[in-house]
Amino acid sequence: MNIINKKFDLGDGRMIEIETGKLAKQADGAAVVRMNDTMLLATVCSKREVGENVDFMPLTVDYQEKYAAMGRFPGGFFKREARPSEHEILIARLVDRALRPLFPDNFHAEVQVQITLISGDKDTMPDQLAALAAASALAVSDIPFNGPVSEVRVSYLDGEYVINTAAQDIERADLDLIVAATEENIMMVEGEMKEVSEEVMLGALKAAHEAIKIQCRAIAELTVEAGKTQKREYCHEVNDEELRQRLHDAVYQKCYDFSKQGIANKQQREEGFEAIKQEFIDANYTEETLTEEIQFMIDRYYHDTEREAMRDMVLAERTRLDGRQLDEIRPLWSEVSYLPSAHGSAIFTRGETQSLSTVTLGTKLDEQIIDGAVIEGTRRFLLHYNFPGFATGEVKGNRGLSRREVGHGHLAWRALKEVLPTEDECPYTIRVVSDILESNGSSSMATVCAGCLALMDAGVKIRKPVAGIAMGLISKGDKWAVLSDILGDEDHLGDMDFKVCGTRDGITACQMDIKVDGLSYDVLAKALEQARQGRLHILDHIQSTIAEPREDYKPFVPRIVQIRIPKDFIGAVIGKGGEVIQKIQAETNTIINIEEEGEFGVVDVASQNKDDIETALKWIKDICTVPEVGDIFNARVVSIVEFGAFMEFLPGKEGLMHISEYQWGRTETLEGLIHVGDEFEVKVIAFDEKNGKIKLSRKALLPKPEGYVEEERPRAPRREGDRGGDRGHGPRHEGGANRRRSDGNGRRR
């Protein structure tokens, strides 16, 4: 067994270890990466042959977290790992985007990369090591790959850049990015920020790249030690160089000239370029001579020529396919409250990209429960992105949620969550849904804008409006052009897709994929500044549609009122088996949720009817009220005994009104004077500390008759049925009676 082990320091004493040769030896390549107690196993396998007429890279990247890695059982009925969670899909996408551009252009064999969390700790997040593990597995295989590549997490914490931040520090960081790069170039960036400046973000990219260079050198050394410097040498493409040159000579100038026309309509452009290709075919082939193989090569060569002509046109003419200037934003229009029954809704259209977004406000019971191997908890803000086939005029079956939809939705979620009000300010669970109705580039950024509009239309008090814009790049030699608000064609044919979201004061989220070598920080700085200007332009438009969040929620939105009660009263409000809280909800037509928070219970009461909420709140406050001597309550007769009456003066709280406390003067019996169910006011006159009884008096609230003299009354003997100390003045739940003062207040005079 030839086991190879590489270790390197992150620069602060923390070590990362790469090991190969021990596990999964029948895979083309396998490696284990370890940092602290977090360990990832990555394997890579490639088919030896390619499918017929394949001209793309069929790469599949899967990421899975084993529950055993964290010493936990999976949830659900089957108690085993199931389909990938959104969290796992997002990590797989990060790795895919780092690896895919680095496979040779002519390598089209199917490749599968699998990354598995086999051991984990709470301090070391596995997502920051996933691409390093995958690249290490590729490095010890003979699969052609233009690496090495790796990734790190970089955070801006207390004014400093931190690499591979500890999990507990990520939430308080001002910036949290995952950056992937080769030793020479940054390849992929994704993350979120708390309105940081463009300068802070550039500094983070530089800090991350320096750390990645160390990892790439370690991977390169691993390749040498494993004896895998020689990769598979073959090409899966069938080519006809004479046809390639002939087609290029015939259509290049036509594509260039057509690109200059500045046609804004996507369908017209597609038809125009297709006509140029068809003209070449008609001039050179008949139905008999145009074989399937020749057609396949023509399609490929024409695509390459069209791409070259369009890129050259942009660099030479400094204008765009749709006639815009390099920094010009497509026409904008938007509308709010388009859907009358939604809690909030908005349409945002930019050129030929359109999002219809809705907001739904719910209670804590609607929160998403997250039960992953590494990440557990709840989420009160959800954003879902849907991309149906008709958005691009395609016939495409609905086969469930795609990884692309998960990724685009997550980016928009990151962009908007930074400006949401706190839970104290807005106790709702918030769901935003973006349905893309039309798409020609930047649909995720349209989702950010439409989502922002819909939140304001719903009356959610976001701190500031947020907008998103997608930037592109075309470069050739020393010439380059940064494009604002890119079209789908410019994304496909360009060298960069850089999505930037933020407020007027800074960036809240970004995503970048770079497809070209040697991109300088000067170009990135230019792209960030151009994105800032575009973002401000879009924010002006958003605020011209709706200047600020609505003053109040719409009439049909359920209202939520939140109060805090002492922690010791939670059991009393819930009751045995939920009996009390269920009764309150049923009789007041409300939804009630209670959660512990420190020394308090946080109670949310939700209903569309304000009076119902007030009734439920009074009920809860009464349960939590600690009576004091002198307090006056409206009490109900529960039972009558020879020596007095037991009365319920607060929900679940009873006291004894002795027969002598019913009225001034001697009362021989209460029979005929009061009945079970009667209600009248009583005053708390004393607490019997010995047996916990609360003494009540009706007499104390009546005027004393003039000249009244108190008669001596013999003490009544204790009789069977006399109620003892089980009627204390605290709540009856686990923990016993409670004598603390409460914020809840009964009627006092």
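Helix α14 covers residues 610–624, and its 15 residues reach 21 Å from the first C-alpha to the last, close to the 21 Å expected at 1.5 Å a residue, where the expected span is 1.5 Å times one less than the number of residues. Helices here (H or I, at least four residues) and strands (E, at least two) are DSSP runs, numbered from the N terminus. The model is a predicted one, in which local features need pLDDT of at least 70 and side-chain atom pairs count only at pLDDT 80 or more, whereas totals for chains, interfaces and linings use all residues. Residues are numbered from 1 along each chain as its sequence is written, and side-chain values use heavy atoms, with hydrogens and water left out.

At the start of α14, a side-chain oxygen of Asn-609 comes to within 2.8 Å of the backbone nitrogen of Asp-611. Within the helix, Ile-613, Ala-616, Leu-617, Trp-619, Ile-620, Asp-622, Ile-623 and Cys-624 are buried, a term that stands for under 20% relative accessible area, with exposed being over 50% and partly exposed in between (1.4 Å probe, protein chains only). An α-helix has 3.6 residues a turn, so residues three or four places apart point the same way.

Helix α4 (residues 198–225) gives a second case of agreement with the expected span: at 1.5 Å a residue its 28 residues should span 40 Å, and its end C-alpha atoms are 41 Å apart. Gly-227, with a positive phi near 70°, follows α4.

**Nonpolar cores**

A nonpolar core is a set of buried Ala, Val, Leu, Ile, Met, Phe, Trp, Tyr and Cys residues joined through side-chain atoms within 4.5 Å. The largest nonpolar core has 169 residues, of which Leu-99, Phe-103, Ile-115, Leu-177, Ile-430 and Phe-498 touch the most other members. Helix α4 gives the most to this core, with 12 residues. Apart from the largest core lies another, of 20 residues, which includes Ala-572, Ile-620, Ile-623 and Cys-624. In soluble globular proteins, nonpolar side chains tend to be buried together.

Leaving aside neighbours within four places in sequence, Ile-115 is in contact (heavy atoms within 4.5 Å) with residues that include Leu-40, Val-61, Tyr-63, Val-95 and Ala-134, and also with Asp-62 and Gln-64.

Of the cysteines, Cys-255 counts as buried because its relative accessibility is 0%, and Cys-624 counts as buried at 2%. With a disulfide defined as a pair of cysteine sulfur atoms within 2.5 Å, the count comes to 0 disulfides.

**Two buried polar residues**

Asp-96 has its place in helix α1 (residues 86–99) and is buried, with a relative accessible area of 16%. The side chain of Asp-96 makes a polar contact with the side chain of Arg-100 at 2.9 Å; such a contact is a pair of N or O atoms within 3.5 Å, and within protein one must be able to donate a hydrogen and the other to accept it, while residues adjacent in sequence count only if both atoms are side-chain atoms. Beyond the neighbours within four places in sequence, Asp-96 is in contact with Leu-59, Val-61 and Pro-101.

Ser-475 belongs to strand β18 (residues 467–476) and counts as buried at 18% relative accessibility. Again leaving aside neighbours within four places in sequence, Ser-475 is in contact with Arg-311, Leu-315, Trp-480, Asp-495 and Val-516.

**Backbone features in loops**

Two residues that are not glycines have a positive phi, as tabulated here.

| Residue | Phi | Loop | Relative accessible area |
|---|---|---|---|
| Ala-24 | about 50° | between β2 (15–20) and β3 (29–35) | 36%, partly exposed |
| Asp-158 | about 55° | between β7 and β8 (160–163) | 61%, exposed |

A cis peptide bond, with omega about 0°, joins Gly-147 and Pro-148, and Pro-148 lies in the loop between α2 (130–139) and β7 (150–157).

**The chain as a whole**

The secondary structure of the protein chain comes to 14 helices and 29 strands. Along its principal axes the C-alpha trace spans about 125 × 65 × 50 Å. The chain has a radius of gyration of 35 Å, while a compact globule of 749 residues would have one near 27 Å; the radius is taken over C-alpha atoms, and the globule rule is 2.2 Å times the number of residues to the power 0.38. Buried residues make up 53% of the 749 residues. Among contacts with a separation of 6 or more, residues 24 or more positions apart account for 71%.
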